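Reader: I want to walk through this fold before I go back to the bench. Can we take it piece by piece?

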Amino acid sequence: MTKFYCASNKDKELIENSVNYLSALVFGINNQEQIAKFKELLEIMVKQVNIFPQGTTTEYLSHATPGVCRLDTSDNKLIIEMLGYIGATSDQYDFIKHEGAHEFCHAFADILPLIFSSRPNGIIKDGIKCENHMGLIKESDPTTGELVGQHHYGKMFNETMMDIITTMAINTFDNPYSPTVDEILTTKYDEWNDATTGYSMFTSITRLAIAAFSNNGNVNYQNVINNGGDIFSLVTEMNNGERYRANDFLYGILFDPLHIESKFDKFMGQGAYRIFCEYLDRLFMSCKRKQDIPSEEIKRIMNILPDFLNKKIDYYLEHGLIDPEGAVRIVSNFNGIWNQMQLEYSAYFSNNDIEAIRLRASQNNS
C-alpha cells in the first residue's frame, strides 16, 4: 500500500484531487467500477508519495525539478515526489496544482500499458526488441536484454501529453469556465488558462500529432466527457463497419505506446516511428539544456506529420474506411493546427519553406 508524506492538509487534498480528476477523465465518470479497480492497483504500484515544503532539495528534487515520478528498480514500484504548498506563495498555487496532477498522470501512463497493451512482451523489429516501459518505448537486444540505440524513445510525446491531459482534467473538474477539452486540442497552450511548464512550447507539435492520428474528425470530446464517457479508449465505427479507436494517439499514449508505433509504421515504413521520436526527443532535450533548436529539425517534423496523414487518408479512402467528407474533416482539423504552428514557429522558416510545407499539408484538400 502507498505510504504518504505530506507537509500540510492542502498537500493531502492535492493528492486526492489529482487522482480523482485523472481517473474521471481517463475512464469516464460513469465507469466507477473500473475507477475503483484502478485506484486499488495504484495503491499497489505506487509505494510512496512524498510532498515536501518549498525550498526542499533532495537527490531528485530542486527548484529546477519541482516534481518527479520515478521507478525504484529494487522492487519495480513507483515513487512520486514533489514540492507542495508549505512555503509557497499564492502565485505558485496553480503551478503546484498542475504539477501534482502531472506527476500522477505519469503514474497512470506507466501502469496502464501493463494492463491493456496488446503487446505485453513487446515486439522485435530489425533485430531490436521494443516494449512499453514507463510511458516510453524501450529498445534492447532481444537476446542479452542490454539497452541499445537511444535506450528509450517517445519522451517528448510523453511529457507534453502529461501536460495536455493534466490541463484537460483540471479544466474539466476544477475550473469549468476554462477552455474545453476540444479547445485545448485546437489552441496554443497560452490560451488554456492553466499553468505553463518548461514543456509547453512542444505541446503544439503533440496536438498536431493527435490530429494526424484521428480516425473521426467529428468527435466532440467534451461532450463525451460531459456524458460520463472516456475519450482515450473511445471507439468509432468506420464506413465499412470496422471499429477503430477514435484517435490512435490518444489511446496509445496512455494505454499502449506500441499501438501508436504500429499505426505510424504501417504508413511510413518499419522503424519510422522510432526514428521520428528520436528526432523529437533530441529536440526536446536540447531545449531543456537551453540549447538552440536547429531549424532543420523543426522543418523535418512539420513535413513528416503531413506525409503520414496524407498516406493514411489515401489508404482509408481507397479501402472505404471513410468517405470524402470524413477525409476533408480530418484534414481540415489538422490544417487548422498546422496553420497556427507556422506562426508559432515562424522564426524557423523562410517564406519558401512555409509554402512548400503548406502544399504538403493541404494535399488532400484539393
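Author: Contact here means heavy atoms within 4.5 Å. The model is predicted: local features need pLDDT of at least 70, side-chain atom pairs count only at pLDDT 80 or more, and totals for chains, interfaces and linings use all residues. Residues are numbered from 1 along each chain as its sequence is written, and side-chain values use heavy atoms, with hydrogens and water left out.

Reader: Which residues does Phe249 touch, not counting those up to four places away in sequence?

Author: Phe249 ranks among the residues with the most contacts inside the largest nonpolar core. Beyond residues up to four places away in sequence, Phe249 touches Phe157, Met161, Thr206, Ala209, Ile210, Phe213 and Ile260.

Reader: How many residues does that largest nonpolar core have?

Author: A nonpolar core is a set of buried Ala, Val, Leu, Ile, Met, Phe, Trp, Tyr and Cys residues joined through side-chain atoms within 4.5 Å. Buried means under 20% relative accessible area, exposed means over 50%, and partly exposed lies in between (1.4 Å probe, protein chains only). Those with the most contacts inside the core include Phe157, Met161 and Ile165. The residue count of the core is 100.

Reader: Which helix gives the most to this core?

Author: Helices are DSSP runs of H or I of at least four residues, and strands are E runs of at least two, both numbered from the N terminus. The chain has 13 helices and 10 strands. With 9 residues, the top contributor to the core is helix 11 (residues 295–318).

Reader: At what angle do helix 4 and helix 6 cross?

Author: Axes are lines fitted to C-alpha atoms, for helices over the stretch in contact, and angles run from 0 to 180 degrees between N-to-C directions. The axes of helix 4 (residues 155–173) and helix 6 (residues 203–212) come within 9 Å and cross at roughly 90°.

Reader: How is that arrangement classed, parallel or perpendicular?

Author: Angles under 35 degrees count as roughly parallel, over 145 as roughly antiparallel, 65 to 115 as roughly perpendicular and the rest as oblique. So helix 4 and helix 6 are roughly perpendicular.

Reader: How do the residues of this contact divide by type?

Author: Met156, Phe157, Thr160, Met161 and Ile164 in helix 4 meet Thr203, Ile205, Thr206, Arg207, Ala209 and Ile210 in helix 6. Ala, Val, Leu, Ile, Met, Phe, Trp, Tyr, Cys and Pro count as nonpolar, Asp, Glu, Lys and Arg as charged, and the others, Gly among them, as polar. The split is 7 nonpolar, 3 polar and 1 charged.

Reader: How many of the residues in helix 6 are buried?

Author: Across the chain of 366 residues, 53% count as buried. Helix 6 is mostly covered, and its buried residues include Arg207. The count for helix 6 is 10 of 10.

Reader: Which strands stand at the edges of the sheet of 4 strands?

Author: Two strands pair if DSSP finds at least two bridges between them. The sheet is open, with mixed pairing and the order 1-2-4-3. Each edge strand has a single partner, so one side is left without a neighbour in the sheet. The edges are strand 1 (3–6) and strand 3.

Reader: What is the bridge partner of Ile51 in strand 4?

Author: Strand 2 (46–52) and strand 4 (residues 77–83) run parallel, joined by 6 bridges. Within strand 4, Ile51 has as its bridge partner Met82.

Reader: Which strands does helix 3 touch?

Author: Helix 3 (residues 93–116) packs on the sheet, and its direction makes about 170° with that of strand 4. The strands touched are strand 2, strand 3 and strand 4.

Reader: Is Glu99 buried or exposed?

Author: Glu99 lies in helix 3. Leaving aside neighbours within four places in sequence, Glu99 is in contact with Pro66, Gly67 and Met82. At a relative accessible area of 7%, Glu99 is buried.

Reader: How far apart in space are Ser62 and Leu83, C-alpha to C-alpha?

Author: Ser62 sits in the loop between strand 2 and strand 3 (67–72). Setting aside neighbours within four places in sequence, Ser62 is in contact with Thr56 and Leu83. Ser62 and Leu83 are 21 residues apart in sequence, but their C-alpha distance is 8.4 Å.

Reader: What is the phi of His151?

Author: Most residues other than glycine have a negative phi. His151 is found in strand 8 (residues 147–153) and is partly exposed at 35% relative accessibility. Its phi is positive, at about 75°.
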